[in-house]
Amino acid sequence: MARKIIVIGSGAAGMTAASSARETDKEAEITVLTEEEHISYSPCAIPFVLEGKIKDFQSIIMHDPQFYQKERQITVKTQTKVESVDAEAKTVTLADGSSLAYDSLVLATGGTVFVPPIAGADLPGVFKVRFIKDGMQIQEAMKTCKKVVVAGGGVIGLEIAVALKHAGLDVTVAEMFPQVIPRICDGDMAAEVQAEMEKEGIKFLMGRPLGAIKGEGKVESVVVGDDEYPCDMVIMATGVRANLQLPNQLGLEIGPLGAVHVSATLQPYRRGRIVKDIYLAGDVVMCSSAAADGPTMSQLGATAVREGRVAGINAAGGYATFPAVLSAWISQIGELQIAGTGLSCGLADYYGLKIVEGRATGLSRARYYPGGSKVTVKLLAEKETHRIVGAQILGREDINGKINWLTAAIMKGVTAEEFVSSFENAYCPPTSMVKDVVCLAAEDLTRKL
């Protein structure tokens, strides 16, 4: 009898899990349940549609339900809400009262945008950035909007701010921390990003919380700190929290970072024991850090895909494990690219590590080759072991490969001295300096250790 696999959630984790389950078990009955209308798209692309860099929202949808049904024999039920799961009976109950049986279940319920509990947060003109429908609503509102406040200076907030500025709007970013890209980026690197955005005319309100949104029937102003600022749109880019409705209903163990505690096979725990035949993937999962001893959150598309693969294989009767992560990230903010991996100074302090910083600035191409631009690389190493534990890079071109290079080195536990003595870099005048800036930063790091 064919195995019945149900996947709840149609984001990167859910659809990868469904496809990986199909690759593992050619005969299984696989059903994806999602509240969304659109599936298999990248939310990371929303700012670039709003900016006009990508033609329209249809362009960022990879596949529709008909594709999965025809090409992979996976049934996708959109606009379908799951009310509850019975782990003992192995059934899911839908909002219409019907129920479906499963042999294996994948929870890829994702996360929701955290909206601070302030007055006016539900006024017309307040938007979140999470789903295609959010992007479509923002795009429609842009037609009559002049002043927008983006609440949150993380990478999504900054990408949205640049997109709306380039679309002709007056943009202000309000961030409660004293720097943009808090937590995962250090203040010195973040300051360069903010300065670049200020050159484009984007304003910043730093170190003050968003206190209230005001308006009669629609957004008219925001209160930040002790001051009030007029606007006709507010975009909440205030971070993502794991969607815990079903995990809580199932009594699954929630970790200290507010997501589900899972085993290496991505199975949850309940009262200290693994729950059989249930797997989790995506923003709802708490990971282990590969840079420090402790848990971490890795709410990134690349992580979701990797977790989805593991969950799908295991749900279909195979075997795979998910390792500790460094959460390598990259963002295109206007003409700037900024990336990081492993620990920042703030995260190192959170884990109780004493670190040493190395830094270098160079060019993206040989100095005599036209078109090169400044690249800054910052490396962090544990003071006692000299092990590299974090990196950040700021530039205007081709930094993705550099951050991936460093991610691999950190994952292997390489010391600063080992990096300097053993790691090679490719060289060609149009693509790099003869000694890559990453190597220069590693040399600076060894001098300071």
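**Group meeting talk: a walk through one chain**

Okay, let's start with one residue: isoleucine 274 has a relative accessibility of 40%, so it counts as partly exposed. For that label, the value has to fall between 20%, under which a residue is buried, and 50%, over which it is exposed. Before I go on, please keep in mind that this is a predicted model.

So where does isoleucine 274 sit? You'll find it in strand β20, which covers residues 273-274. If you skip residues up to four places away in sequence, isoleucine 274 touches Ser263, Gln267, Pro268 and Tyr269. I also looked at its separation from alanine 408: the two are 134 residues apart in sequence, and their C-alpha atoms are 31 Å apart in space.

Now for another residue, threonine 341. Is it buried or exposed? With a relative accessible area of 2%, threonine 341 is buried, because the cut-off for buried is under 20%. It belongs to strand β25, residues 336-342. Leaving out residues up to four places away in sequence, its contacts are Leu326, Ala328, Trp329, Val389, Gly390, Ala391, Ile403, Thr407 and Ile410. From threonine 341 to serine 40 there are 301 residues in sequence and 26 Å in space, C-alpha to C-alpha.

Let's zoom out to the whole chain. It has 12 helices and 28 strands. Along the principal axes, the C-alpha atoms fill a box of roughly 65 × 60 × 40 Å. How does the radius of gyration look? A compact globule with 449 residues would come out near 22 Å, and this chain has 23 Å, so the two agree. Of those 449 residues, 53% are buried. And here's one about contacts: take those between residues at least 6 apart in sequence, and 64% of them join residues at least 24 apart.

What about the outside? The chain exposes about 20000 Å², and carbon and sulfur atoms supply 51% of that. Which residues make a nonpolar surface patch? Tyr368, Tyr369, Tyr427 and Val434 do, and the patch is about 440 Å². Have a look at tyrosine 427 in there: it lies in the loop between α11 (416-422) and α12 (437-448). At 37% relative accessibility, tyrosine 427 counts as partly exposed.

Next, a quick look at a pair of strands. Strands β2 (residues 29-33) and β3 run parallel, and four bridges join them. Leucine 33 stands opposite lysine 77 of β3. Strand β3 itself, residues 74-77, has two faces: Ile74 and Val76 are on the covered one, while Thr75 and Lys77 are on the uncovered one.

Last topic: charges. Side chains of opposite charge can pair when their charged atoms come close. How many salt bridges does the structure hold? There are 23.

One of them joins lysine 378 and aspartate 188, with 3.1 Å between the closest N and O atoms. Lysine 378 is in strand β27 (residues 374-382) and aspartate 188 is in helix α6 (residues 187-199), so this pair ties together parts that are 190 residues apart in sequence. The two ends sit in their own ways: lysine 378 is buried, at 3% relative accessible area, whereas aspartate 188, at 33%, is partly exposed.

Down in the region of α12, there's a salt bridge between the side chains of glutamate 443 and lysine 435, at 2.9 Å from N to O. Glutamate 443 is partly exposed, with 21% relative accessible area, and lysine 435 is partly exposed too, with 38%.

Then there's lysine 448 with aspartate 444, another salt bridge, where the closest N and O atoms are 3.0 Å apart. Both residues lie in helix α12, four residues apart, which is about one turn of the helix. Lysine 448 is partly exposed at 47%, and aspartate 444 is buried at 12%. Salt bridges can also share partners, and that joins Asp186, Asp188, Glu192, Glu357, Arg359, Lys374 and Lys378 into one network. You've already met Asp188 and Lys378 as a pair.

That's my tour, thanks for listening!

How values were computed:
Residues numbered from 1 in each chain as written. Predicted model: local features only at pLDDT ≥ 70, side-chain atom pairs only at ≥ 80, totals over all residues. Heavy atoms only, no water. Buried < 20%, exposed > 50% of the residue type's maximum accessible area, 1.4 Å probe, protein only. Pairing = 2+ DSSP bridges. Contact = heavy atoms within 4.5 Å. Patch = residues over 30% accessible without salt bridge, like charges linked within 9 Å, V, L, I, M, F, W, Y side chains within 5 Å. Areas by Shrake-Rupley, 256 points an atom, 1.4 Å probe, with all protein chains shown as cover. Salt bridge = Lys/Arg side-chain N within 4 Å of Asp/Glu carboxyl O. Rg over C-alpha atoms; globule rule 2.2 N^0.38 Å.
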